[in-house]
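Grab a pencil and work through a few exercises on the structure shown here. Try each task yourself before reading its solution.

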Amino acid sequence: MNKAFFLDRDGVINVEVNYLHTPEETVLNEGTAEAIRKINEAGYLAIVVSNQAGIAYGMYGMDDVKKVENKIRELLAPAKIDAFYYCPHHAEKGVIPEYTIDCSCRKPKPGMLLQSAADFDVDLSQSFMIGDRLSDIHAGDAAGVKASVMVLTGHGHKELAKAQQEGQIVKDDILRAVEYLLNL
Ligand SMILES: [Mg+2]
Ligand SMILES: [Zn+2]
């Protein structure tokens with residue numbers, strides 16, 4: 001079986017921009033390319049799991065999300081993300097009917113992690129989650145990963161007090177988180 005790092009996208013890999021949906025606004029956080037390279041070299045899959053409720057809100061479409069994805073791939077090369085999974089849903093605030101559902105993939109639900117684990121034959125008990133929100137960390141826990149780390153980039157600072165109350169592991173950024181998890 002394979003091992004994986006599940007990675008939130010906005011605020012972890014790229015600089016947080018509210019409802020990012022253009023390649024022009026897509027900028028990597030410092031250390032991201034090195035972090036992904038370390039994941040690649042350590043023999044783990046790098047799998048992005050990203051809530052994109054902006055699609056349900058009608059703010060942008062999956063074609064925009066794919067353009068951002070291509071830009072991220074370009075900026076990261078030669079480091080490589082193995083797969084991107086998105087949740088385009090929102091149960092209450094959606095305006096696009098097909099996406100206005102109570103899905104099983106919107107984090108903190110573990111659906112994207114479980115689906116990608118099935119697709120890539122991933123052993124969740126040997127895998128990790130990195131996110132900038134507690135909902136990311138809770139999705140990792142619900143999927144049964146070995147450990148999850150909250151980073152202080154993106155929305156991390158806003159959620160720090162609550163993360164500390166919960167006893168979550170917190171690191172400065174994706175690179176520090178990857179280095180920590182690879183040494184567990
Ligand atoms: Mg995020
Ligand atoms: Zn969903």
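The exercises below go through metal sites, salt bridges, the nonpolar core and aromatic pairs in this predicted model.

**Exercise 1: the magnesium site**

Find which residues coordinate the magnesium ion (ligand 1), and work out where Asp-8 and Asp-132 lie.

Solution.
- Step 1. Start with the donors: Asp-8 (OD), Asp-10 (O) and Asp-132 (OD) coordinate the magnesium ion (ligand 1), at 2.1 to 2.2 Å.
- Step 2. Write down their spacing along the chain, which is D-x1-D-x121-D.
- Step 3. Place the pair. Asp-8 sits in the loop between strand E1 (4-7) and helix H1 (32-41), while Asp-132 sits in the loop between strand E4 (128-131) and helix H4 (134-143), so parts 124 residues apart in sequence are tied together.
- Step 4. Check burial, with the cut-off at under 20% relative accessible area. Asp-8 comes out at 7%, so Asp-8 is buried. Asp-132 has 1% relative accessibility, so Asp-132 counts as buried too.

**Exercise 2: the zinc site**

Decide what arrangement the 4 donor atoms make around the zinc ion (ligand 2).

Solution.
- Step 1. List the protein donors: Cys-87 (SG), His-89 (ND1), Cys-103 (SG) and Cys-105 (SG), which lie 2.0 to 2.3 Å from the zinc ion (ligand 2).
- Step 2. Look at the angles. Four donors count as tetrahedral if all angles lie between 85 and 135 degrees. Here the angles are 102 to 117°, so the arrangement is tetrahedral.
- Step 3. For some background, ideal angles for four tetrahedral donors are 109.5 degrees.
- Step 4. Along the chain, the zinc donors follow the spacing C-x1-H-x13-C-x1-C.
- Step 5. Now pick out two of the donors, Cys-87 and Cys-103. Cys-87 belongs to strand E3 (residues 83-87) and Cys-103 to the loop between E3 and helix H3 (111-120), so to speak a link between distant parts of the chain, 16 residues apart. Both Cys-87 and Cys-103 are buried.

**Exercise 3: salt bridges**

Say where the partners Glu-34 and Arg-37 sit, then do it for Glu-179 and Lys-38.

Solution.
- Step 1. Get the total: the whole structure has 12 salt bridges.
- Step 2. Take Glu-34 and Arg-37, whose closest N and O atoms are 4.0 Å apart. They are 3 residues apart in helix H1, so about one helical turn separates them. Glu-34 is partly exposed at 33%, and Arg-37 is partly exposed at 36%.
- Step 3. Go on to Glu-179 and Lys-38, with their closest N and O atoms 3.0 Å apart. Glu-179 is in helix H6 (residues 174-182) and Lys-38 in helix H1, 141 residues apart, and the pair links these distant parts of the chain. Relative accessible areas are 28% for Glu-179 and 24% for Lys-38, and that makes Glu-179 partly exposed and Lys-38 partly exposed.
- Step 4. Finish with Asp-102 and Lys-109, whose side chains meet at 3.1 Å, N to O. Asp-102 is exposed at 64%, whereas Lys-109 is partly exposed at 34%.
- Step 5. Spot the network: Asp-8, Lys-107 and Asp-136 are joined by salt bridges that share partners.

**Exercise 4: the nonpolar core**

Find out which element gives the most residues to the largest nonpolar core.

Solution.
- Step 1. Begin with the core itself: it has 32 residues, and Phe-5, Leu-7 and Ile-130 touch the most other members.
- Step 2. List the elements that give two or more residues: E1, H1, strand E2 (45-51), helix H2 (62-76), E3, E4, strand E5 (147-151) and H6.
- Step 3. Pick the winner: H6 gives the most, with 5 residues.
- Step 4. Zoom in on Leu-7. Beyond its neighbours within four places in sequence, its contacts include Ile-36, Val-48, Ile-81 and Ile-174.

**Exercise 5: aromatic pairs**

Classify two ring pairs: Phe-5 with Tyr-44, and Phe-84 with Tyr-86.

Solution.
- Step 1. The structure holds 5 aromatic pairs.
- Step 2. For Phe-5 and Tyr-44, the ring centres are 5.0 Å apart and the planes stand at 70°, so this pair is edge-to-face. Phe-5 is in strand E1 and Tyr-44 in the loop between H1 and E2, so parts 39 residues apart in sequence are tied together. Phe-5 and Tyr-44 are both buried.
- Step 3. For Phe-84 and Tyr-86, the centres are 6.2 Å apart and the planes at 25°, so the pair is stacked. Phe-84 is buried at 10%, and Tyr-86 counts as buried at 12%.
- Step 4. Ring pairs also link Phe-5, Tyr-44 and Phe-128 into a cluster.

Methods. Residues numbered from 1 in each chain as written. Chains lettered and ligands numbered in written order. Predicted model: local features only at pLDDT ≥ 70, side-chain atom pairs only at ≥ 80, totals over all residues. Heavy atoms only, no water. Donors = N, O, S within 2.8 Å, 3.2 Å for Na, K, Ca; no water. Helix = DSSP H or I, 4+ residues; strand = E, 2+ residues; numbered from the N terminus. Buried < 20%, exposed > 50% of the residue type's maximum accessible area, 1.4 Å probe, protein only. Tetrahedral: all angles 85-135°; square planar, octahedral: opposite > 155°, others 65-115°. Core = buried A, V, L, I, M, F, W, Y, C linked by side-chain atoms within 4.5 Å. Contact = heavy atoms within 4.5 Å. Phe/Tyr/Trp six-rings, centres within 6.5 Å; stacked < 30°, edge-to-face > 60°.
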